[in-house]
Amino acid sequence: MIEQSKKDLERYLDTVCAEVRAKGMHREIRDELSGHFTDLVTERLELAADEEEAQRYAIAQLGDPQAVGKELHRIHKPRIPWGLLAGVLLLSAVSLLGMAAVEAGFGDYYKIPDALMLRQSVYIVLGIAVMAIMYFINFKHLQRSSGWIYGAALMAIGVSMLLGLEVTNGVRRYVGILGLFFDVVGYSPYVFVVALAGIWNRQGFMKSWSGRTRDLAELSLLLLPAVIYAVIPAFPELIIYMAVSLTLYVRMTRRWIRGSVIAVTFLTGVAIYVWNHLHLRERIIAAFQADQRDTGAGWYLNSVIHNTLTSAGWRGQGMGYRIAEERLLFPYTDLFPVYLIQTFGWAGGLLLLMLTCWFVLKMVFYARAVSDTYGRMLILALALMLSIRLIYGLTILTGRMPLISIPFPFLSYGQHVFIEFAALGLLMGVYRRKDMLPAGQAPSSL
């Protein structure tokens, strides 16, 4: 009869787990309910009941298996990140509205891409499709493939350098596929940080190396992409990659002193490089002297930004406004946030600021809500990657920021939205599974 009771318990656990779709939780659920079963049996045996009676009592006390399973499914079901989804749709709507304003204001006498709003609509729709695919990918599979992902990013950059389209300054960044051109170098920082989050978190990696050998391996993986960006050169990607990957490295390895030394060394190197190149030094100085007449590099763009923002007012100039004398260069890409203020005024700019800050805070909240170590670090890396770009886009509105080629995520024109939607889809996919992973995979205090 005891064997029969054990079979009854197994059938009970099978019925419970059949109601829970999060298969990753089945083992933990079975262990937890089996523990309750053992406690109830022990309690009953202490009241002088025989073992058969105690086991029947324990099964009865666990409750209806289907009801228990449905309640556990409610607890461990997928979580939809409605906040981020609403935020990205709002940013996309602002992007299309801004593209319509650019077409109305510049379309007949300023060189802009044909059918600007239509093109951006296509990019956004395709980006949303990519986001949906990444949303349903099990991020734990990415962790197991982290080394391959890292190698694929290196190989993609190599292919781009050899076969890609040549752009400004002789840098081959773009690879064409089916009529679409992808900025392989610009996309690669996202891929590298996803790979590093998985590599540094894998127990196999941590156990296969020891002592100084492991330290050297970690540092090599961290610094190799930075060296590549410096050689290409791709300085916007270098700065963003180092900011995100170094933060990730310190959080995961707890090597604060080493991380600080690397950060100080990197910043010193950047400062020396800028000081030794006159045009870069002048661009930084011009950013803080935009309201003064000068002929240095970068002064014109910063002065246009300064004049545009100071003349926009709270209501802006409206759709179709033409800048007669000082035209914004590339109002649909690098200076798109400035043109939004020109068109919709500082009232619209304040709404953009609030939307962007809310979007960033949502990503931070989702990172704190995930307990899985790899998932949490993955959200942190992607959130930082997007947040730095979003915040930089807002700082341009001060009129005191040196201009570098960092597109405003989800807003400015271009195919960069593909990688941004993909990153956001993966981020939301991690949050979706936050209650579908065993507690044993949770970190202690990350």
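Accessible areas here come from the Shrake-Rupley method with a 1.4 Å probe, and on that basis the protein exposes about 22200 Å², of which carbon and sulfur atoms supply 63%. I should say at once that this is a predicted model, so please hear everything that follows as a description of that prediction.

Let me begin with the overall picture. The secondary structure of the protein comes to 18 helices and three strands, and of its 446 residues, buried ones make up 47%. If we take the contacts with a separation of 6 or more, 72% of them are accounted for by residues 24 or more positions apart.

Now I would like to turn to the aromatic residues, because the structure holds 17 aromatic pairs. In one of these, the rings of Phe-192 and Tyr-241 have their centres 6.1 Å apart and their planes at 70°, and since planes over 60 degrees apart count as edge-to-face, that is how this pair is classed. Phe-192 lies in helix α9, residues 184-201, whereas Tyr-241 lies in helix α12, residues 235-253, so the pair ties together parts that are 49 residues apart in sequence. Are these two residues buried or exposed? Phe-192 counts as buried because its relative accessibility is 0%, and Tyr-241, at 0% relative accessibility, counts as buried too.

A second pair, formed by Tyr-332 and Tyr-413, is edge-to-face, with 5.7 Å from centre to centre and 75° between the planes. Here Tyr-332 sits in the loop between α15 and α16, and Tyr-413 in the loop between α17 and α18, so this pair ties together parts that are 81 residues apart in sequence. Both Tyr-332 and Tyr-413 are buried, and they belong to one aromatic cluster together with Tyr-123, Phe-182, Tyr-187 and Phe-418.

Let me go back to the two helices that carry Phe-192 and Tyr-241. How do α9 and α12 lie with respect to each other? Their axes come within 10 Å and cross at roughly 10°, which makes α9 roughly parallel to α12, given that angles under 35 degrees are counted that way. On the α9 side, the residues that meet α12 include Val-185, Pro-189, Phe-192, Leu-196 and Trp-200, while on the α12 side the contact includes Glu-237, Tyr-241, Val-244, Leu-248 and Met-252. The residues of this contact divide into 12 nonpolar, three polar and one charged.

Note on methods:
Residues numbered from 1 in each chain as written. Predicted model: local features only at pLDDT ≥ 70, side-chain atom pairs only at ≥ 80, totals over all residues. Heavy atoms only, no water. Phe/Tyr/Trp six-rings, centres within 6.5 Å; stacked < 30°, edge-to-face > 60°. Helix = DSSP H or I, 4+ residues; strand = E, 2+ residues; numbered from the N terminus. Buried < 20%, exposed > 50% of the residue type's maximum accessible area, 1.4 Å probe, protein only. Axes fitted to C-alpha atoms, helices over the stretch in contact; angles between N-to-C directions. Parallel < 35°, antiparallel > 145°, perpendicular 65-115°, else oblique. Contact = heavy atoms within 4.5 Å. Nonpolar A, V, L, I, M, F, W, Y, C, P; charged D, E, K, R; others polar.
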